[in-house]
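Here are a few exercises to work through with the structure open on your screen. Try each task before reading its solution.

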Amino acid sequence: QVQLVESGGGLVQAGGSLRPSCVGSESTFRIYAIAWYRRAPGKQRELVGTISIGGRTNYADSVKGRFTMSRENSKNTVYLQMNNLTPEDTAVYYCNAPFSLATGRAGDNWGQGTQVTVSS
């Protein structure tokens, strides 16, 4: 089981940027596909994006063109670059591993989440 720790959230004005990161506790993190999810107040959890072992990414339509995932395997870290943020992006953001790209199912390991708040 890998432990995941997110950081890098915060408060930003609309149009601003943030870059949360997700660090895995073990080197096996490097062989996992990773997903970022978010949960906004009063809403269901939403899949934001995924990144494969080789770095191929996919994004929800709501963030496509604004968010970019990347990974630095030497540091067991995945990043979520978020640009042009809007108040609708306000949520707690979670990383998840290992994400199944074949089935679209989340894995068993979740971080504690990092809060992103976008003011208008």
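**Exercise 1.** Leaving aside its neighbours within four places in sequence, which residues is Gln 3 in contact with?

*Solution.* Bear in mind that you're looking at a predicted model. Start by placing the residue: Gln 3 sits in the segment before β1 (4-7). Next, look for heavy atoms within 4.5 Å, which is what contact means here. Once the sequence neighbours within four places are set aside, Gln 3 touches Val 23, Gly 24 and Ser 25. Then check exposure: the cut-off for exposed is over 50% relative accessible area. Gln 3 has 59%, so it counts as exposed. Finally, look across to Gly 111, which is 108 residues away in sequence but has its C-alpha 7.0 Å from that of Gln 3.

**Exercise 2.** Find Gln 112 and work out which residues it contacts beyond its neighbours within four places in sequence.

*Solution.* Go to the loop between β10 (109-110) and β11, where Gln 112 is found. Beyond those sequence neighbours, its contacts are Leu 4, Val 5, Glu 6 and Tyr 94. Ser 7 is 105 residues from Gln 112 in sequence, yet the two C-alpha atoms are 9.3 Å apart. As for accessibility, Gln 112 comes out at 47%, so it counts as partly exposed.

**Exercise 3.** Describe the overall build of the protein: how many helices and strands are there?

*Solution.* Count the elements: you should get 0 helices and 11 strands. Now ask how the chain packs. A compact globule of 120 residues would have a radius of gyration near 14 Å, and the protein's 13 Å agrees with that. The C-alpha atoms fill a box of roughly 40 × 25 × 25 Å along the principal axes. Of the 120 residues, 44% count as buried. Take the contacts between residues at least 6 apart in sequence: 55% of them join residues at least 24 apart.

**Exercise 4.** Which residues in the largest nonpolar core touch the most other members?

*Solution.* The core has 27 residues, and the ones to pick out are Ile 34, Trp 36, Phe 67, Met 82 and Tyr 93. Next, trace which strands feed this core: β4 (34-39), β5 (46-51), β7 (67-72), β8 (77-82), β9 (91-97) and β11 (114-119) each supply at least two residues. The largest share, 4 residues, comes from β9. Now zoom in on Met 82. Outside its neighbours within four places in sequence, Met 82 has contacts that include Phe 67 and Tyr 93, along with Leu 18 and Val 116.

**Exercise 5.** Hunt for unusual backbone geometry: which peptide bond is cis, from Ala 97 to Pro 98 or from Asn 76 onward, and what is the phi of Asn 76?

*Solution.* Start with the background: most residues other than glycine have a negative phi, and most peptide bonds are trans. The bond from Ala 97 to Pro 98 is cis, with omega near -15 degrees. Pro 98 lies in the loop between β9 and β10. Then turn to phi. Asn 76, in the loop between β7 and β8, has a positive phi of about 50 degrees although it isn't a glycine. Asn 84 also has a positive phi of about 50 degrees, and it is found in the loop between β8 and β9. Last, compare their accessibility: Asn 76 has 10%, so it is buried, while Asn 84 has 47%, so it is partly exposed.

Conventions. Residues numbered from 1 in each chain as written. Predicted model: local features only at pLDDT ≥ 70, side-chain atom pairs only at ≥ 80, totals over all residues. Heavy atoms only, no water. Rg over C-alpha atoms; globule rule 2.2 N^0.38 Å. Buried < 20%, exposed > 50% of the residue type's maximum accessible area, 1.4 Å probe, protein only. Core = buried A, V, L, I, M, F, W, Y, C linked by side-chain atoms within 4.5 Å.
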